[in-house]
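Please examine the sequence and the structure shown below. The explanation after them takes up the surroundings of the ligand, the salt bridges and the surface in turn.

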Amino acid sequence: MRTNEAYVEIKGIPFLNTTSYELLTQHLYPALEERKNIFMVTANPEIVMEADRDREYAKILREADYVIADGIGVVIGSKLMRKPLPERIAGFDVMEDLLKKADHEQLRCYFLGAKETVLHEAINNIKQKYPQLIVAGQHHGYFDLNDANVVNNVKEAAPDIVFVGLGFPNQEKWIHQFRNEFSHGLFMGVGGSFDGWAGHVKRAPKIWRKLNVEWLYRLIKQPSRWKRMLQLPRFIWHILLKK
Ligand code: UDP
């Protein structure tokens, strides 16, 4: 268990106690410069509750280098525990910062996940915005997780950053299973971010994000998500019970 003040442990998951700025400047950019092998998880309450149900998944999250609080529910939970995390760090924003960095430094990015056409559109849009970034490779997300051809394809691309958009828990399971086969690379699960980049799923306008109600916007736009979102009150309830 990681107990120092650099982490806040919520239901057994060690969240990095940091701001988005510090995450980038003190952890991720130096890791890229030093060509380290890094696994980052952007976890929301749904992910924490999945880890509560699936022990193997919980172990995978605990063994990641960084778990960051991608959900206002996690920040609220930390406050209820009186170990407040400073802010929500949206995975989509971290991905964008990394793309920007890749553009500046001409880093090699691999994009794994989503449907073939969605991935193609996403990468086109990313390349338009960040033309200097190198697309080291890409593969859609509908494959057997153990398929050696996929991991070999990623390895041959020698990526500096691997964005894995298979949805949780599979994206974290895939990264955990294969990351040690890479000499270096920043591995990050990005959920449905490729759909966002392709323009298929719109992000909440800034004001909604500022008010921390991006989740409500998503629920209105994709009502089929309501069942998944019930994990949020369950998560808060679990924390209150523990108090
Ligand atoms: N996906 C995939 N392979 C699968 C199942 C899902 O690549 O076998 C992709 C899916 O196309 C979507 C993403 O994973 O792009 C999951 O998006 P969702 O919004 O469910 O993820 P979240 O952001 O909530 O983790």
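The paragraphs that follow lead through a predicted model, beginning with the ligand.

The shell around the ligand consists of 14 residues, of which Ala114, Gly141, Tyr142, Asp195 and Arg228 come nearest. By character, the residues of this shell divide into 4 nonpolar, 6 polar and 4 charged. Several polar approaches to the ligand can be located individually. In the side chain of Asp195, an N or O atom is 2.4 Å from an oxygen atom of the ligand. The backbone also takes part: an N or O atom of the Gly192 backbone lies 2.9 Å from a ligand oxygen, and a polar backbone atom of Gly165 is 3.2 Å from an oxygen atom of the ligand. On its own the ligand has 560 Å² of accessible area, and the protein covers 74% of that area.

The salt bridges come next. The count for the model comes to 16 salt bridges, and three pairs may serve as examples. The first pair to consider is Arg53 and Glu50, whose side chains meet with an N to O distance of 2.8 Å. Both residues belong to helix H2 (residues 45–53), where they are 3 residues apart, about one turn of the helix. Their surroundings can be read from the accessible areas. Arg53 counts as exposed because its relative accessibility of 63% is over the 50% cut-off. Glu50 is buried, as its relative accessible area is 15%, and the limit for that class is under 20%.

A salt bridge between distant parts of the chain is formed by Arg179 and Asp65, with their closest N and O atoms 2.8 Å apart. Arg179 lies in the loop between helix H8 (170–178) and strand S8 (185–189), while Asp65 lies in the loop between helix H3 (55–63) and strand S4 (66–69); the two residues are 114 residues apart. Here Arg179 is buried, with a relative accessible area of 11%, whereas Asp65 counts as partly exposed at 26% relative accessibility.

In the third pair, the side chains of Glu214 and Arg203 meet in a salt bridge with an N to O distance of 3.0 Å. Glu214 is in helix H11 and Arg203 is in the loop between helix H9 (193–197) and helix H10 (206–210), so this pair ties together parts that are 11 residues apart in sequence. Glu214 is buried at a relative accessible area of 9%, and Arg203 counts as partly exposed at 22% relative accessibility. Both residues also belong to a network of salt bridges that links Asp70, Arg88, Asp93, Arg203 and Glu214.

Helix H11 leads on to the surface. Trp215 has its place in this helix, which spans residues 214–221. What does Trp215 form together with Leu216 and Ile220? The three residues make up a nonpolar patch on the surface, with about 270 Å² of accessible area together. Trp215 itself is partly exposed, with a relative accessible area of 35%.

Lys227 completes the survey. This residue is found in helix H12 (residues 226–229). Lys227 is classed as exposed because its relative accessible area is 60%, and the class begins over 50%. Computed along the sequence, in the sense of counting positions, Lys227 and Asp54 are 173 residues apart, and their C-alpha atoms are 18 Å apart in space.

Definitions and conventions. Residues numbered from 1 in each chain as written. Predicted model: local features only at pLDDT ≥ 70, side-chain atom pairs only at ≥ 80, totals over all residues. Heavy atoms only, no water. Patch = residues over 30% accessible without salt bridge, like charges linked within 9 Å, V, L, I, M, F, W, Y side chains within 5 Å. Areas by Shrake-Rupley, 256 points an atom, 1.4 Å probe, with all protein chains shown as cover. Salt bridge = Lys/Arg side-chain N within 4 Å of Asp/Glu carboxyl O. Helix = DSSP H or I, 4+ residues; strand = E, 2+ residues; numbered from the N terminus. Buried < 20%, exposed > 50% of the residue type's maximum accessible area, 1.4 Å probe, protein only. Near = heavy atom within 4 Å. Polar contact = N/O pair within 3.5 Å; in protein donor to acceptor, adjacent residues only side chain to side chain. Nonpolar A, V, L, I, M, F, W, Y, C, P; charged D, E, K, R; others polar.
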